[in-house]
Amino acid sequence: MDINVTINGESRIVPEGTSVLSLLKMLDIDPGRVAIEYNMEIVNKSDFNDTVVKENDRLEIITFVGGGR
Amino acid sequence: MNDILKVAGREIMSRLWVGTGKYKDFEETKRAIEASGAHVVTVAVRRVNVTDRSRENLLDYINPEKYIILPNTAGCYTAKDAVRTANLARAAGVSDMVKLEVIGDEKTLMPDNEALLEAAKILIKDGFIVLPYTNDDPVMAKKLQDAGCHAIMPLAAPIGSGLGIRNPYNIRIIMESVSVPVIVDAGVGTASDAAIVMELGCDAVLMNTAIACAKDPLRMAHAMRMAVEAGRLAYLAGRIPRKLYASASSPIEGIIE
């Protein structure tokens with residue numbers, strides 16, 4: 001079964017039981033370069049594999065970009 | 001000579017710190033940083049573009065093993081947003097330092113010092129190394145130091161304005177008011193501005209626009225590097241006092257009569 005999650009404000013359909021780590025792989029994002037907020041709580045990198053997304057979860061995936069002055 | 005800057009006990013190998021915004025591309029960013037000799041490089045925190053993954057990552061060009069990556073909270077207008085951004089930056093795993101910015105006004109990009117102090121207190125309690133961007137206000141600088149901030153980053157002039165150091169006297173008073181490093185952040189336009197900052201005795205200077213938006217960013221990066229070094233050396237050497245009248249440098253004795 002598929003579930004609906006919101007990633008960076010956009011709605012996405014993913015298979016049930018998807019972990020944060022596999023989600024990053026699906027999106028082609030290097031886990032080493034990002035930080036993740038899962039329903040407003042930060043997920044430690046060590047927990048990426050054990051955190052499984054659920055229906056209507058909200059995820060923020062951030063990285064570093066050019067900026068500062 | 002041993003003249004190494006330390007922030008929160010950490011050795012920083014340059015007194016010129018740079019930002020990473022406004023460059024043409026990552027390659028130019030990388031080359032400008034190299035030309036500047038900067039050891040500390042500030043970066044912003046933003047959402048990953050999940051629909052267009054073709055974009056490269058800045059950190060592929062700026063090696064976190066080589067540089068001290070200093071995440072900033074640019075674009076935050078509340079203490080809550082700044083704290084959230086700082087926490088995300090730390091979770092990304094490159095640094096527990098943060099250049100804390102809480103902007104109070106979109107047009108001037110002046111800091112909201114009340115919110116800044118509130119955010120600083122929360123982050124310090126949570127173990128961050130906090131470097132706050134603030135006004136050139138000695139009272140505020142002292143409050144931020146007393147809250148536990150590890151350096152003070154007063155502006156020389158509004159962000160991106162290139163006006164140079166508008167109130168050198170306030171910057172001097174800030175340096176007398178606090179014992180943590182004072183790092184001028186924002187307002188530098190050209191090399192002489194950076195030299196003046198350093199001649200005043202500031203510990204370091206952070207800039208971005210002055211290099212990135214120069215006609216030739218790589219040349220300007222090199223110029224800034226030399227200006228910061230020259231200014232620092234001049235400060236350490238101790239300038240002569242300003243005098244109204246001339247003072248001959250050749251001996252009076254032995255003048256041909």
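Helices (H or I, at least four residues) and strands (E, at least two) are DSSP runs, numbered from the N terminus. With that in hand, welcome to this structure. It is a predicted model, in which local features need pLDDT of at least 70 and side-chain atom pairs count only at pLDDT 80 or more, while totals for chains, interfaces and linings use all residues. Residues are numbered from 1 along each chain as its sequence is written, chains are lettered from A and ligands numbered from 1 in the order in which they are written, and side-chain values use heavy atoms, with hydrogens and water left out.

**Where the chains meet**

Let us start between the chains. Here 27 residues of chain A are in contact (heavy atoms within 4.5 Å) with 37 residues of chain B. The size of an interface is often given as the accessible area lost when the parts come together. Between chain A and chain B the buried area (the accessible area, with a 1.4 Å probe, that two parts lose on being put together, summed over both) is about 2,900 Å². Carbon and sulfur atoms give 58% of that area.

Three salt bridges (a side-chain nitrogen of Lys or Arg within 4 Å of a carboxyl oxygen of Asp or Glu) are found across this interface. One of them joins A:Glu60 to B:Arg47, with the closest N and O atoms 2.7 Å apart. On the side of chain A that touches chain B, strand S2 (10–15), strand S3 (35–38) and strand S5 (58–66) of chain A each give two or more residues. S5(A) gives the most, with seven residues.

**Two neighbouring helices in chain B**

Now to helix H4 (residues 138–146) of chain B, whose buried residues (under 20% relative accessible area, 1.4 Å probe, protein chains only; exposed means over 50%, partly exposed in between) are B:Pro138, B:Met140, B:Ala141, B:Leu144 and B:Gln145. Seen down the axis of H4(B), these buried residues fall within an arc of 160° (taken from the directions from the helix axis to the C-beta atoms), so they line one face of the helix. The face turned away from the buried side carries the exposed residues B:Val139 and B:Asp146. At the N-terminal end of H4(B), B:Asp137 acts as a cap, with a side-chain oxygen 2.9 Å from the backbone nitrogen of B:Val139. After H4(B) comes B:Gly148, whose phi is positive, near 110°.

The buried residues of H4(B) pack against helix H3 (113–125), strand S7 (129–134) and helix H5 (168–177) of chain B. In H5(B), the buried residues are B:Ile171, B:Ile174 and B:Met175. They cover an arc of only 100° around the axis, which puts them on the same side of H5(B). B:Tyr169 and B:Glu176 are exposed on the face of H5(B) turned away from its buried side. The buried residues of H5(B) pack against H4, strand S8 (153–154) and strand S9 (183–185) of chain B.

**Two buried residues up close**

The table sets out two residues from other helices of chain B; the contacts leave out residues up to four places away in sequence.

| Residue | Helix of chain B | Relative accessibility | Touches |
|---|---|---|---|
| B:Arg232 | H8 (residues 217–237) | 11%, buried | B:Asp3, B:Arg15, B:Met198, B:Gly201 and B:Cys202 |
| B:Thr85 | H2 (residues 79–91) | 15%, buried | B:Val45, B:Asn72, B:Thr73 and B:Cys76 |

Conventions. Polar contact = N/O pair within 3.5 Å; in protein donor to acceptor, adjacent residues only side chain to side chain.
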